[in-house]
Amino acid sequence: MNRIACVGDRDSVRGFMAIGFEVHTADTLQEAEKTVRALADSENVYPIIFVTEEYYNGMKHLISAYAEKVVPAIISIPGKNGSQGTGLAAVKELTEKAIGADIALNS
Amino acid sequence: MATVMKVNPTRMELSKLKKRLKTARRGHKLLKDKRDEMVKQFLELVRKNRELRASVEEKLKQVHTYFSVASATMSSQAVEEALICPKQEVTLENDTKNIMSVIVPRFEYSMTGSDSDIYSYGFVTTTAELDVAVGALSNILPQLVELAETEKSVQLLASEIEKTRRRVNALEHVMIPNLEVTVKSIVMKLDENERGNITRLMKVKDMMIAESRHESSV
């Protein structure tokens, strides 16, 4: 049975408990990193892992290790402090990598 | 700069190289087509992702404000307690999809528990603000799943496009020019040998004629 996991600080992620995500709270970046690693390595049980932006930015190296795999998808979501534009920046970066310029912006 | 490969200038090598050149050209064309189509698909996905991302972030922001309001009206422990045993459970069916031979995930979520009753708590200890927050969050669930799907696809496609682009460039700027110059140099060398051979024959013929004249005059 596959579940959706969610990692972040308590205030940002507790709401996701109510809609049935598996929520893991982490108070420090190290803790979050450890949790994400454990979740990602647990053989496809968590195909989607949402991570709050604050932690997502801190563990880029860990996330890039899973970038080539089909699952899990580690996706950033804005935390309680609002969006810092991490998600859009990531896609922009990918576009530049793939095409050489971020041409999708113009349309 | 194209360099001549180290091969023996023989007819055998020439025909081999010509065959390779043909294959390289064909491969180059195919890869180029693949790249173009992937870029097209990629841009579509990126556009979709951008829209989804913007809308999800906007809505999540809203949800966070709802939750802060909720925790203002009731104690933090009470909020926690209300949320800790969810009534509905989201399970995910993950499948894969093939975009130009890139395997991307497809997520299909299903919920256990009824849609109408998502509130996992009694109404006595909680306030209406919490209901609003949970309801709003529940509404973005489909979009969240879709966002995860497109964002992962974008990631996977991007790295595949990069690889294909490198291959196309390597063929276009290294392999094909190298093969072309090598073929040309072999052709020139063979022609040169041919010419050398003809001159030699002519020379021998002259010598033989001269010799026969000399003999007849004696």
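This short talk goes through chain A, its contact with chain B, and one helix of chain B. Please keep in mind throughout that what we are looking at is a predicted model.

Let me begin with chain A by itself. Its secondary structure comes to 5 helices and 4 strands, and if you read along the sequence you meet them in the pattern β-α-β-α-β-α-α-β-α. As for its dimensions, the C-alpha atoms fill a box of roughly 40 × 30 × 25 Å along the principal axes. The radius of gyration of chain A is 14 Å, which agrees with the value near 13 Å that a compact globule of 107 residues would have. Of those 107 residues, 48% count as buried, and among the contacts in chain A with a separation of 6 or more, 56% are made by residues 24 or more positions apart.

Now to the place where the two chains meet. The contact takes 33 residues from chain A and 50 residues from chain B. On the side of chain A that touches chain B, at least two residues each come from α1, β4 (73–77) and α5, and α5(A) gives the most, with 8 residues. Sorted by class, that side of chain A has 21 nonpolar, 7 polar and 5 charged residues.

Since α5(A) gives the most there, let us look at how this helix is placed. The axes of α5 of chain A, residues 86–99, and α1 of chain B, residues 11–73, come within 10 Å and cross at roughly 170 degrees. An angle over 145 degrees counts as roughly antiparallel, and therefore α5(A) and α1(B) are described as roughly antiparallel to each other. From α5(A) the contact is made by G87(A), L88(A), V91(A), T95(A), A98(A) and I99(A), and from α1(B) by V39(B), F42(B), V46(B), N49(B), R50(B), R53(B) and E57(B). By class, this contact of α5(A) with α1(B) has 7 nonpolar, 3 polar and 3 charged residues.

Finally, a helix of chain B: which residues of α2(B), residues 76–83, are buried? They are V79(B), A82(B) and L83(B). Seen down the axis of α2(B), these buried residues fall within an arc of 90 degrees, so they line one face of the helix. In general, an α-helix has 3.6 residues a turn, so residues three or four places apart point the same way. As for what that face meets, the buried residues of α2(B) pack against α1 (10–18) of chain A, together with α1 and α3 (128–217) of chain B.

Definitions and conventions: Residues numbered from 1 in each chain as written. Chains lettered and ligands numbered in written order. Predicted model: local features only at pLDDT ≥ 70, side-chain atom pairs only at ≥ 80, totals over all residues. Axes fitted to C-alpha atoms, helices over the stretch in contact; angles between N-to-C directions. Parallel < 35°, antiparallel > 145°, perpendicular 65-115°, else oblique. Contact = placed C-beta atoms within 7 Å. Nonpolar A, V, L, I, M, F, W, Y, C, P; charged D, E, K, R; others polar. Buried ≥ 20, exposed ≤ 12 C-beta atoms within 10 Å, placed from the backbone. Arc of directions from axis to C-beta. Rg over C-alpha atoms; globule rule 2.2 N^0.38 Å.
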